[in-house]
Structure formats: structure tokens, C-alpha cells
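Subject: Structure handover

Hello,

Here is the structure I promised to pass on to you. Please open it alongside this message, and my notes follow below.

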Amino acid sequence: MECQVCANLEISVEKPPGASPLSFIALLKVYRELLVSRIRNTQCLIDNLIKNDYFSTEDAEIVVQFPTQADKVRKILDLVQSKGEEVSEYFIRVLQKVTDAYYELQPWLDEIGYEPSENICSKPVVNTDPVSRYCQKLRYELGRDSKFVMSYAQREEMLLEEIYSNSIMELVSFTNESLGEVCQLEALFDDAVGLINEDGETIYVFGDAGIGKSILLQKIQSLWARKELDIGAKFFFRFRCRMFSCFKEDEAICLKDLLFKYNCYPDQDPAEVFHHILQFPHTVLFTFDGFDEIYSNFDLSSVPEMCSPNEPIHPLVLLVSLLRGKLLKGSKKILTARTGTEIQRNIIRKKVLLRGFSSNNLKEYTAVFFKDEGQRTLVLNQLEANPNLCSLCSVPLFCWIIFKCYEHFHSMSDSHELPDCSVTLTDVFLLMIEVHLNRSLKTSLLKNNARSQAEMFKSKKETLLALGKMAYKGMENSFFIFEQEEVSSANISEEDLQLGFLRTVKGYSGCDNRSTYEFLHLTLQSFFTALFLVIEEKVGAKELLQFFNECSSTETAQLTCLRIPWLKKQLAGEDPFRNNEHFHFTNLFLCGLLSRSKQKLFRHLVLPAVVKRKRKTLITYLGESMKSHLKGLTRSRFPNYNQIQVQPNFVWMLRCLYETQSEKVGKLAAKHMHANYIKLTYCNAYSADCSAISFVVHHFQKRLALDLDNNNINDYGVKQLLPCFSKLAVIRLSVNQVTDHGVRILYEELSKYQIVTFLGLYNNQITDVGAKYVAKLIEECSSLEYVKIGANKITSEGGKCLAQAIQKSKTMFEIGMWGNQVGDEGAKAFAEALRNHPRLTNVSLAFNGITTEGGKSIAEAMRHNNSVKIFWLTKNELDDEAAMSFAEMLKVNNKLVHLW
């Protein structure tokens with residue numbers, strides 16, 4: 001659009017042949033019609049001419065009397081020219097300085113080569129352009145709104161800058177293969193990295209609930225407001241997607257109102273501001289948070305594919321049109337959603353996976369949260385001693401809850417420590433509820449008011465039941481916004497609202513000026529729903545299990561947002577924005593709340609017989625559904641192994657089993673797998689899930705293989721697998737953020753049992769330190785035959801250690817080192833290992849920075865090797881001289897079948 005404008009201007013501003021430089025009065029005369037057609041804002045010109053005493057108030061009044069914009073410009077030109085050369089030059093100076101208002105004239109100013117005189121430079125130019133003022137207002141309001149993060153207690157706010165901490169952000173392909181990490185937020189908008197579809201316009205950010213999607217957008221908003229996000233965006237419009245669920249089916253709105261009424265309204269000339277946005281959409285940045293939280297009965301098949309920016313239409317259609325580039329094509333867009341929400345590929349430009357805190361991120365966050373060094377050290381030591389709790393802390397939301405709970409209890413008793421036993425997510429949320437309720441007590445200077453958890457819950461039973469009832473009603477219909485009438489009908493008092501479980505929200509359609517509410521986080525609504533199902537005595541078996549049915553009914557179908565008729569055939573009556581993770585969390589919390597360890601707590605809230613009945617119903621259902629689920633999984637037979645290939649829903653099943661803390665249920669799951677090779681790849685399992693995996697796997701009586709490739713296990717997860725290592729003959733942890741610390745744990749545990757045959761650690765974050773631990777394992781564990789450790793950060797030092805260990809091993813069959821940097825020194829060490837090795841059969845040293853020198857050493861060693869059949873050396877720096885060495889080697893070595 002802008003290029004077209006420039007092209008038109010170049011045609012318009014050709015100077016008359018042979019003309020000498022024109023005076024400023026003459027310039028205005030020659031280009032009069034160009035100026036009349038391009039100047040859309042006269043007020044800024046008038047304001048500046050008056051401010052510098054070039055115009056009188058009478059002059060301004062004369063201009064205003066003209067009915068059309070073009071006539072006003074003509075009159076201004078007449079007056080300016082009549083007042084002489086200085087006023088004419090100042091007029092041009094205003095056009096040059098106020099670029100936002102007169103962007104279409106900038107090519108003309110370049111064409112005439114205008115350079116202001118010293119006198120005119122001393123004259124002030126004030127930007128009263130409505131576009132500029134609107135941008136300033138946007139920055140002010142978005143900066144104010146993003147400055148604080150609302151705590152889980154409503155009366156407490158924290159500065160974003162004091163609480164935000166970086167987490168792992170990974171650019172991924174359409175198939176979720178890693179394309180590298182995002183180190184700077186500007187990289188999200190840099191097409192040089194992570195671009196997977198140049199025709200798409202949306203940066204799709206996804207991750208589990210609580211992983212930090214919303215606070216990431218708040219950080220981006222804050223940086224933009226402070227002009228610290230240099231991506232060329234003049235406008236920033238942010239939307240929480242759940243607001244689109246509040247619009248009625250017959251409601252219609254135009255794009256201008258969607259942008260201005262639900263963000264920030266221009267104080268001057270909204271039409272001019274909107275026109276500017278339409279002219280330059282590439283200067284607009286949108287953020288749409290929580291796309292999976294849209295639940296609407298609106299029939300998208302009833303609307304055309306294209307829509308006008310000026311015609312009113314249902315807001316969901318505007319949203320879809322913006323994402324697809326049918327409106328404001330070229331604008332920048334960030335869309336967030338929970339994992340499992342599939343978005344049509346044609347709208348995606350980049351995919352960004354949020355993985356939560358790494359071990360270093362967690363330390364940084366701990367330092368930000370706990371300012372006192374002594375308290376910080378105490379917390380880190382306790383986390384280190386409890387890998388289960390540490391794993392939960394890799395999810396920012398859960399880490400925040402745990403830290404706030406610790407902070408609260410520490411303030412009440414200096415000796416309070418974090419739990420030192422197995423901690424479930426249900427335990428964490430119960431602790432959070434206890435802290436909320438404790439804060440509602442009136443404190444006394446003379447006595448400690450703290451009550452036991454059971455006493456606290458008993459005293460607030462009616463409050464918990466009221467909140468649970470409203471959460472349940474919302475969950476049934478996937479509603480996350482509650483109007484004042486719904487809050488009142490649930491008997492939630494003003495005092496209950498002050499507890500902080502609910503927070504007020506603004507800017508939703510159909511609510512007028514009345515308050516609307518939402519739970520602090522979607523997971524909290526799931527928790528209260530589960531709590532209601534437990535403590536409401538009238539809940540029967542059907543209601544108790546209804547959200548399991550919601551999950552199982554869709555688990556075989558691919559969840560696809562934007563399932564629009566013109567993109568893909570939509571099933572009749574199906575919600576095009578459906579995602580069921582909130583049901584999964586409800587089921588998980590239900591399993592935790594009905595575990596045996598919670599019976600003591602609930603006997604004060606509900607009759608023991610009722611809890612016993614509900615627990616029996618749940619355990620029976622889990623057993624039957626687990627058997628049914630396991631029967632339907634893909635199975636394969638390999639030598640010595642019966643493999644079972646599980647799906648992401650299997651991880652949710654494991655999480656539920658773990659929350660029950662029932663050894664009986666764990667044994668039953670292990671028994672019905674009928675497999676000794678469990679393949680859990682691409683299941684979005686994170687470190688805390690390793691507790692659930694161990695909970696089941698440690699019941700296996702025989703050795704087994706565990707494949708966890710392409711998840712988010714990291715070092716905490718490795719530590720959570722400790723109960724399994726005595727059974728594991730095959731352990732695959734490729735693409736899992738494992739560092740040297742995790743490798744050290746693997747060495748210490750696997751060397752104890754001496755049964756591991758296969759170790760997969762491809763594409764992690766392992767350096768020479770970790771390589772040395774793997775080398776020690778190769779030396780000490782005679783059972784180890786396969787090691788995959790490519791695409792890490794191993795240099796010649798680590799390479800030499802591995803080569804020396806392989807040289808000593810008589811059992812190593814395959815070593816995969818693709819994509820490290822062992823160089824020639826490492827290649828020479830591997831050459832010595834290969835010389836006369838009795839068993840090594842498959843070797844990969846591809847993409848390792850090996851030159852001719854290293855290549856010749858390998859070729860010479862292979863003249864004395866009769867075991868290697870496959871050798872990969874591609875993507876190194878080998879020349880013709882090295883090729884000749886390998887050619888000579890092949891004349892002697894007749895065992896090598898494939899050399900790449």
C-alpha cells in the first residue's frame with residue numbers, strides 16, 4: 001500500500017524541465033493540487049501556525065468555515081502564501097516534522113530536497129495530529145495496565161519488572177521439531193529465524209496451562225509501551241479471547257469499534273486514526289491470548305469468507321478474518337493457546353513452544369522472588385532435596401503458588417519448611433486455598449491464629465461450596481466469565497470475593513457497567529469444580545464422572561481450532577474452538593481430592609460414607625477405562641521387546657493415577673500394559689510427569705525399555721525417574737533439555753544396576769562435562785551397546801574421553817556423535833578407538849568440524865578394522881586428499897558396507 005502511494009507521488013512531483021529552484025511560495029503554487037489531495041489533517045497545521053503567530057484566531061475561524069477538507073487546505077494555502085516566504089517555509093517544515101500526520105507527503109519532501117533554514121529550525125513544531133496523540137495514549141494506557149501483575153490475593157499487586165523471569169521459549173516446526181531457542185523477544189518477529197510459512201501472519205505461542213503465555217504477552221506489552229520493543233509497531237491492540245464468548249449470536253460490530261472500544265478510544269478524529277491503520281497495517285501489532293478459551297454457539301458457516309472493515313459483523317468473524325489476513329493484511333499477530341489446540345497451518349508464520357523454567361531459570365526466579373539471601377538459599381536447598389516439588393516448580397504458575405505459600409507460612413513460623421515427601425498438584429492447590437483462607441483471619445498481636453488445614457476448611461465450608469458450585473456450572477458449559485447475577489445466585493458474598501479466588505475483569509460485551517468475574521486462573525476453576533464434586537453430597541456417579549466422558553469423547557479426534565467451513569468441513573453442532581484441557585485438570589484434581597490421604601481432611605466437610613462411595617466409583621472407573629484405553633493402543637513386536645505406542649492422552653491418565661497415590665491402581669496399570677517397551681514420544685510430558693511415570697513403571701517386575709524422546713523432561717524429570725532405573729535396559733531421552741547435571745544422575749544410577757543397553761541423549765544441552773560422565777558409564781557398564789549423543793555441545797575434549805572409553809569397551813556396537821564439534825583432535829582419538837576394535841559396527845561422526853587431517857587419521861585406522869559396517873562422515877570439511885585416503889582404505893577393508 002505504502003509503496004503504491006510512493007509510486008503515485010513520484011509521478012506527481014516531476015519538476016518542470018530546466019526549472020531553477022523554486023521559492024517556497026512558488027513550491028506551494030506548483031504543487032497545490034498534490035497538497036490538497038494528500039493533506040488529511042488541517043488542525044495540526046492550524047495549531048502550529050497559531051502557536052508561532054503566523055495565523056490569527058480570525059484566520060483559523062475562516063478556515064474552519066469551509067465544509068470540506070480539500071477546501072480547508074486550499075484556504076490555508078491561500079493564507080500562508082499571502083503571508084510571505086517565511087510562513088510558506090514553516091508550513092512545509094510542519095509537513096516534514098509531523099510524519100505521522102503527513103506520511104503521504106514524505107516522498108514529495110524528499111523529491112524537492114527540502115532542508116529547513118536556521119531560522120525555521122528555531123521555530124517549534126508541536127504534533128497535535130490525532131494519530132500521534134492516539135499512539136501516545138495507547139502507550140500510556142498499555143504501560144499502566146502492564147506495570148503490575150495481580151497476585152492470587154486481589155489486594156496484592158507486584159511490579160512486572162520485579163516478578164517476570166525468563167523461561168524456555170523454543171521455535172518449532174509444524175511437526176514440533178526444534179528450530180532453536182528464542183533468546184530475545186525481538187526474535188519472535190525476525191524472519192531470519194524460525195520462519196515456517198512466509199504466507200502466514202500469526203506467531204502461534206503454545207504451552208501447558210500455567211506455563212507463562214499470558215505473562216509473556218504482558219511483558220511484550222510493557223516493552224512496547226516503553227518503546228523498548230523495536231519491531232516497527234506504532235499500534236498495539238490486545239485481546240483476551242474469552243471475551244468473544246460474551247457476544248450474543250446476533251451481535252454485530254465493525255472493526256473500528258472492536259479496536260477502539262475494547263482497547264483505547266482516540267480523543268480526536270477516530271475516523272482519521274482508523275484510516276491510518278487501514279493504510280499502514282504493517283504498523284499494527286495484535287495479541288490474542290487464550291484462543292482455546294473461546295466457546296460460542298455462533299454458526300461460522302453462515303458468514304462469507306471475506307468481510308469489510310467498515311461493515312458490522314459478528315466479532316468472531318472479525319477475529320478469524322484478522323488471523324487469516326483478510327483484514328489488515330500485513331499486521332503482526334501473536335496468538336496463544338494451550339497445548340493440544342491445533343491451528344490451521346495456513347495462518348501460522350511461526351510456532352513457539354513455551355517449556356517453562358530450566359534449572360537456571362528457576363534459580364533466577366527464586367532470586368527475584370526471595371530478596372533475602374538466607375531465605376533464598378533455604379528454599380533452593382529444600383527444592384534440591386525434593387525433586388518432586390522441584391519438577392512442579394518448572395511450571396511458572398505452580399512455582400509461584402508454591403513460593404507464595406512458603407512465604408506466607410515462613411512469615412508465621414520461621415521453622416516452616418517445604419514438604420519433604422511426594423507432593424501432588426492437588427497438594428499444591430490445597431495449600432494455596434489454605435493460604436487464602438488463613439489471610440482472611442483477623443490477626444492478633446498476642447496469639448497465633450493459625451488453624452490446621454482441616455479446621456480452616458471446615459470453618460469455610462459454605463464459601464468453598466458456593467465457589468465450587470459456580471465453578472462447576474461454568475465448567476459444564478465451558479464458561480469462564482461470570483456476571484454479577486451468577487455470583488449472587490451462587491451465594492458468594494463480598495467477603496468471599498475479598499479472598500482473591502475471583503477477580504474482576506473489564507471490557508466484555510453485554511455486561512454494561514456491571515462487574516464481571518473470572519477465577520484467577522483456569523486451573524483454579526478446575527480445582528473448585530472438583531472440590532464441589534467431592535463435598536456436594538447430592539452428586540451422583542454420573543455427575544462425578546461427567547468430565548472424564550467429556551475427555552474420552554474427543555480423545556480420538558484431532559482438536560482443531562479455526563475449523564471453519566472454508567478451511568475444513570465442520571461437523572454439525574461441533575464447537576470450532578473446542579479444547580478440553582480444563583476437563584483434564586478437573587479430573588486430575590478429582591483423583592487427588594478422593595485419594596486416601598485426603599480422607600482425614602474431608603471427614604469434616606462431608607460424610608465419610610459419601611466420600612467412600614465416590615472414591616469407589618472413581619477407582620472402579622479408572623480401572624475399567626484404563627484397561628479399555630490400553631487395549632486400543634498401537635503395539636509392535638521387536639526382538640526381546642513388545643512395544644506399546646501411547647498418545648498424549650495417556651499422560652493425562654498417568655497424571656490421574658499418580659494423584660490417587662494408590663499403589664493398587666499403579667500395579668493394575670503396569671499389569672494391563674502387556675508390554676516391556678513403553679514409547680511415550682511427542683506426548684508433551686514435562687518433568688513432573690516423570691513422577692507419574694515412575695509411579696507406574698516401578699511396579700514392573702522385569703526389565704523394560706522407556707522411550708521419552710521429544711518431550712520436556714529436563715534434569716528434574718531425570719531425577720524423578722530414580723525409582724525406575726533398576727528396571728531400565730533402554731532409556732531414550734533425546735530432545736528433552738537435559739544438561740550435564742541430568743547426565744551425572746544417569747551415570748550414578750545406571751552404573752549401579754549394570755543393565756542398560758541403550759542410552760539416547762541426542763539433541764540436548766550436554767557439554768564436555770556430561771560427555772565425561774557418559775564415557776565413565778561406557779567404561780564401567782559392560783552391558784551398554786548403543787549410545788546416541790549427537791547434536792549436543794561436545795568439543796574435542798569430550799570427544800577424546802568418549803573415544804578412549806569406547807576403545808576400552810568390548811561391547812559397544814553403535815556410537816552416534818552427529819552434530820557435535822569434536823574436530824580433528826577428537827577424530828584422531830576416535831581413529832585410535834576404531835583401530836582393531838572387536839565389535840563397534842555403526843559410527844557417526846558427521847557434522848563435527850573434521851578436516852583433512854582428521855579424515856586421514858580415520859582412514860588409516862579403518863585399514864585395521866574389521867567390525868565397522870556403517871560409517872557417517874557427511875557435512876565435515878574433507879577434501880580430495882582425504883577422499884583419496886578413504887579410497888585406498890576401501891581397497892583393504894572389505895567389511896565396511898556403507899560410507900557416507
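To begin with a question: what is the relative accessible area of lysine 856, and is lysine 856 buried or exposed? Neither word quite fits, because lysine 856 has a relative accessible area of 35% and is partly exposed. Please keep in mind throughout that this is a predicted model.

Salt bridges

Lysine 856 has a partner in glutamate 881: the two form a salt bridge, and their closest N and O atoms are 2.8 Å apart. This pair links distant parts of the chain, with lysine 856 in helix α39 (residues 852-862) and glutamate 881 in helix α40 (residues 880-892), 25 residues apart. Glutamate 881 also counts as partly exposed, at 42% relative accessibility.

Salt bridges with shared partners also build one network, made up of Arg240, Arg242, Glu293, Arg503 and Glu518. A search of the whole structure gives 37 salt bridges. As a general reminder, side chains of opposite charge can pair when their charged atoms come close.

Two further salt bridges involve helix α6 (residues 69-82), and I describe them in turn. In one, the side chains of arginine 32 and aspartate 78 meet at 3.0 Å, N to O. Arginine 32 sits in helix α3 (residues 32-38) and aspartate 78 in helix α6, 46 residues apart, so this pair links distant parts of the chain. Arginine 32 counts as partly exposed because its relative accessibility is 21%, and the cut-off for buried is under 20%. Aspartate 78 is partly exposed as well, with a relative accessible area of 36%.

In the other, arginine 74 and aspartate 71 meet through their side chains at 3.1 Å, N to O. Here both residues lie in helix α6, 3 residues apart, which is about one turn of the helix. Arginine 74 has 28% relative accessibility and counts as partly exposed; aspartate 71, with a relative accessible area of 27%, is partly exposed too.

Cavities

How many cavities of 30 Å³ or more does a search of the whole structure find? It finds 4, and the largest has a volume of about 230 Å³. There are 21 residues lining that largest cavity, and the closest to its centre are Leu425, Arg655, Tyr686, Ala688 and Asp689.

Which helix gives the most to this lining? That is α31, with 4 residues. Helices α18 (387-392), α28 (581-593), α31 (648-660) and α33 (689-697) each supply at least two residues of the lining. Sorted by class, the lining of the largest cavity holds 13 nonpolar, 3 polar and 5 charged residues.

A small note on strands

There is also an open sheet of 3 strands, in the order β10-β12-β11, with antiparallel pairing. Its edge strands are β10 (482-483) and β11 (502-505), each of which pairs on one side only. Strand β10 is joined by 2 bridges to β12 (residues 516-519), and these two strands run antiparallel. Within that pairing, which residue of β12 stands opposite glutamate 483? The residue is threonine 516.

I hope this helps you find your way around the model.

Best wishes

Conventions
Residues are numbered from 1 along each chain as its sequence is written. This is a predicted model: local features need pLDDT of at least 70, side-chain atom pairs count only at pLDDT 80 or more; totals for chains, interfaces and linings use all residues. Side-chain values use heavy atoms; hydrogens and water are left out. On a 1 Å grid over the protein atoms alone, a cavity is a set of points where a 1.4 Å probe fits but cannot get out, and a pocket is an open set with protein on both sides within 12 Å along at least five of seven lines; lining residues have an atom within 4 Å of a point. Grid points are joined across faces, edges and corners, and a volume is the space filled by probe spheres set on the points. Ala, Val, Leu, Ile, Met, Phe, Trp, Tyr, Cys and Pro count as nonpolar, Asp, Glu, Lys and Arg as charged, and the others, Gly among them, as polar. A salt bridge is a side-chain nitrogen of Lys or Arg within 4 Å of a carboxyl oxygen of Asp or Glu. Buried means under 20% relative accessible area, exposed over 50%, partly exposed in between (1.4 Å probe, protein chains only). Two strands pair if DSSP finds at least two bridges between them.
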